[in-house]
Amino acid sequence: MIKILRTILVFAVFILFSNISAQIKIKSLSVQNNFNDSTLFGDTSKRKNLKLIDGWKVFTEKEPSKKIKTTLPAVFEGTDVLVFETTLNFSKNDLADNIYKLALNGANHSIEILVNGYNVYKISSGEIPFEIELPRDLLKFSSANRITIKVNSKLSSDKTIPTSQRFLFPRNNNGIIREVYLEKFPAVNINGMNFTYKVNDALSNADCSLSVTIDNLKLLKKFFQTQEQMKLHVTLTPKNFSGSSLNFDFLVAVNHNDEYRNRFHINVVNPVLWSPETPNIYELKAELLYGNQLLDVTEQPVSFYRLKFSPENSSLNNIPFSLKGTTYFINESVNFNTSSYEKIKNDLLLAKNAGFNSVRFSKSYPNPYAVKLCSELGLFALVELPLNSVPEEILLQDEFKLKAANRFKEMIQKYSQYSTSVIYGTGSSYLSNSSITSDFISYLLRNSSSGSQTFYASFIGFQKNEIEGIDLYGSEIFSTDAEELAGILEQTFVNNSYGNIFLSEVSYPNYHGSSSGYLVENSSESQARYFESIIDFSHKNKLGGFFLNTLFDYSGDYISLYAGYSDHNLYRLGILSANPNVNSISYKVVESKLNNHGKATIPIGTAKDENKLIFILIALGLSALMALLINTKRKFREDCSRALFRPYNFYADVRDQRILSGIHAIILMFVEAGSISLLFTIFLYYLRTNILFEKILISFGEEGLIKNISYLAWNPEKCFIYLFVILLIKTVALALIIKAASFFIKTRVNFVSIFYTVIWALLPFAILLPFELVFYKVLSAGGFNTAITIFLLVFGLWILNRILKGIHVIFDIKAFPVYLYSILIFIVAGGGFLLYFQLTNSTLYYIVNSIKQYQLMSF
C-alpha cells in the first residue's frame, strides 16, 4: 500500500510540474528587422520609431522571480497572466523636446501597461493595433525606465471579444503576436487624423472631410520667442500612378487651449478612382507649420471610389460589380521560411492571381500590413469584429453591448489609417431576422465613426429585414447545394432582387483529399465542383458577391468535427492546403472560373460508401455469440424470456438466489457491453461532421471535451474498444454503487445478486444487435432520424426502469422511494452539472443559440 501511495504521489508531482512548465513555455517569433513602412510604423521626417525586439524578460504574474530572457514578438502556451519587461533610457533633452509613445501592432488579449511601476493604460482588445503616450512626469532621464506589459489571454463566454466559444476560429495565439516599438514625436504634434469622403454620382467630385487633433499647443511659447501663424498644409500626391499633386492650406487658431480640434473641408475635382483593376492610391500628407518652421508630419494612404449596394444592383464607380472573394487566415505564431510580411504578400498575390477582388479577414483582427497590401493589390479588405454565434441573451447585456461598440469604433479608427478600401463588418453567425440581433447591430453602427464607410453583417440564414446603416447582408453557407439555395432565395425574397445579399462564408470541407472524382463527398474534386456551382449561382442570381471559405487550410484552438479531425486542429476547408500547391484541382477550377479561362475538367469518379465494414462484422459477431449462448442451455433461454417479459418474477428469483449460471451472465455482460458500445460508436461516427453536435460541444467551453469526442467519432475502431472497456467497468461500478447505497436500509443482499440484476436489466440491448447491422445506413438515409432519436430515448428510459425495478425487488422495498430518490439524484446531478457550466461558460445560452442556428441552416 505504501508503494502504491508513493507512486501516486510521484505521478501527481510530475503532472503538477509538467503543467507549470507548460504554462511558461515561451516561443519567440522571427521578425524582419529591416522592414519599415511609414504607414505601419509612423516613420516620417519628424517622427522616428525604434523596434523593441531585444532586451525583454518574461515571467508569470504568480512567480515574478522566475524571469526568462526573450525577444518580441513572442507567444506562449497556457492561460496565466504573463509579464513582459524591459528598460528604456532617455536623455534630458529627449524628454524636454519630444513626446514618446509605446505602440503595439497586436497582442492577445487583455493588455495592461505600466511605466516605472505605475499603471498607465489598460485595454481589453490588444489585437487591434494601438499606441499610448508615455507620461512625461513618470519618465526619468537620470536612470533606466522600466516598461512592463501584462498580457492576459483568458477569454470569457460573455465578457470578452472574441468569446471563449469559437466555432472554426483561427488559433488564438497567446502573447505579443506583432511588433512593439517606441515612437518619437515632436512635442507639438498631430495626434489624430481622420479622413472621410463621398464621391458624387457623376464621379466628378469627391467631397472630403479631414478631422485633425493637435496636442500641446501651450509648449509653443517654450520653443518660440515670437508668435507666428500656424497652419496645416495638406497634400494629396499620386502614389502609384501619374498625376498632379493637390495642395490645401488651413489656418490653425492658437489660443489658450492646449488641444486643438477641427474638421476641414477638402474638395477634390475629378479624382483618379480606385478599383481592383486599377488600384490608384494617393498619399495624404499633413504638415503642421508654425511660421516657416515644420513642426510635425504625418501620412496615410487614400483611395477614392464609389461603392453602392442595393437590392436592385451593386456597382463600383457606376459599373456593375460584385464581390468575388475568399476568407483568409494567417497563423502569425508560426515561424515561416520567410518573414510573416513576405508570407502575407505571397498569399495575397496568390488570391489576386486566382481572380479574387476581395479578401475577408473573418473571426480575427488582421495584421495591418495585410489590409494596406490589399489596397495596393486591388483587393477590397473586409475587416470585422471577431464576434461569432453570440447568444441573444448576451447581446442584450448592456456591458457587452458597450464593450462591442467601443471595439467596433476602435477597429474602424485604426484600420482606416492603413487603407480606405475597407468594408467593415459587425460580426458573423448572427441569427437572421431576429429583432435582438438587429437592435444590437444598430447599436454598434450608431456608435461608430460616421463617414463614407461601407458596412456588412453576416448571418445564419438570409436576412429579410433591413437594418439601418448596413449595406451588405451576408449569409453563411455550409455545404448547402446551389439548387437548394436558389429555391430558398425565391421563397425568402419576393422581388427576386439580391444586389445587397452576398454569400459571406461558403464552406465545404475537403478531408478526403484527392480521389477518383466529385462523387466522393468531401474530396478535393467535390469541393472544386461545389465552389464552381456557387460561383455560377452567384452570377446567375446577380448577388452582391460571394466568399469561399477559405484560401488555405488553417488551425484553430478547438478540434473540428465538421472541418475534419486532425491531431493538430487543422481545419481542412481551404482551396489550398497549408502547404499550397497551385496545381490543386480546387484552385485550378476557381482560377479558371474567375479569370474566364474556360471550364476546368473535374473527374466524376465513383461514390464512396461511408459505412464501416467493422460495424457489420462486430454486429454479426455479437449476434452469433448471443445466438450460441441462447442455444447452449434451455435454462438460459427461459431466463432470457422471463427477464424480458416478466422482470418482476425474474428479479425475485435473483433475490431468492435461484440458480443462475455465472459464466452465462458474464458472457451476456460482454455481449451487452459490445452492443451498447457499437450503438454509440455508430451514432458518434454518423455525427462526426454534424455542425449542431460540434456547436453543442463547444458550448461547454472545454477544449478537452470536444477533443476526446472528436477523436472517438473519427476513429470508430478505437472508439468501440474504449467504450467497451469503459462499459464493463461501469457495469461493475454501478453494482458497487447500489451495494454502497444499500447500507442505508436494513435489507442485505449479496453483491453477486446485485451484479446479476444489473447485467440482466441491460438484456434488451442484445435485442438491438440485428438493428445495428443497418443502423448507419438508416441514419444516413435521413428520413427516420427523428423517430430513431425518440425510440432510443424511450428505450433508454425502459432500461432505467428495469434497473430501478430490479433494485426495489431484490431489496424488497417499495417502488415509490426507489423511483423518487433516483429521479432526485438525476435532477441534482444533471442540474448541478448544467448549472456549473451555465455560471462559468453560459453553456445553456450557447446550446439554445446553436439549436436556433441549426434550424436556420436547415431553412
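Of the residues lining the largest pocket in this predicted model, 37 are nonpolar, five are polar and just one is charged. The lining runs to 43 residues in total, and the pocket they surround has a volume of about 2200 Å³. Nearest the pocket's centre sit Leu734, Gly796, Leu800, Ile803 and Phe826.

As for where the lining comes from, four helices each put in at least two residues: helix 16 (662–686), helix 19 (716–741), helix 24 (785–810) and helix 25 (815–841). Helix 24 gives the largest share, with 11 residues. Two of these helices lie at 785–810 and 815–841 in the numbering, and residues such as Leu800 and Phe826 are among those nearest the centre.

Elsewhere in the chain, a three-stranded open sheet turns up, with its strands in the order 15-16-19 and antiparallel pairing. Strand 15 (189–199) and strand 19 (260–269) are the edge strands, each pairing on one side only. On average, and with direction ignored, neighbouring strands here are turned by 20 degrees against each other.

Looking at one pairing in this sheet, strand 16 (residues 205–215) runs antiparallel to strand 19, and the two are joined over 10 bridges. To pick out one position, Ser211 stands opposite Arg263, the latter belonging to strand 19.

Methods
Residues are numbered from 1 along each chain as its sequence is written. This is a predicted model: local features need pLDDT of at least 70, side-chain atom pairs count only at pLDDT 80 or more; totals for chains, interfaces and linings use all residues. Side-chain values use heavy atoms; hydrogens and water are left out. On a 1 Å grid over the protein atoms alone, a cavity is a set of points where a 1.4 Å probe fits but cannot get out, and a pocket is an open set with protein on both sides within 12 Å along at least five of seven lines; lining residues have an atom within 4 Å of a point. Grid points are joined across faces, edges and corners, and a volume is the space filled by probe spheres set on the points. Ala, Val, Leu, Ile, Met, Phe, Trp, Tyr, Cys and Pro count as nonpolar, Asp, Glu, Lys and Arg as charged, and the others, Gly among them, as polar. Two strands pair if DSSP finds at least two bridges between them. Axes are lines fitted to C-alpha atoms, for helices over the stretch in contact, and angles run from 0 to 180 degrees between N-to-C directions.
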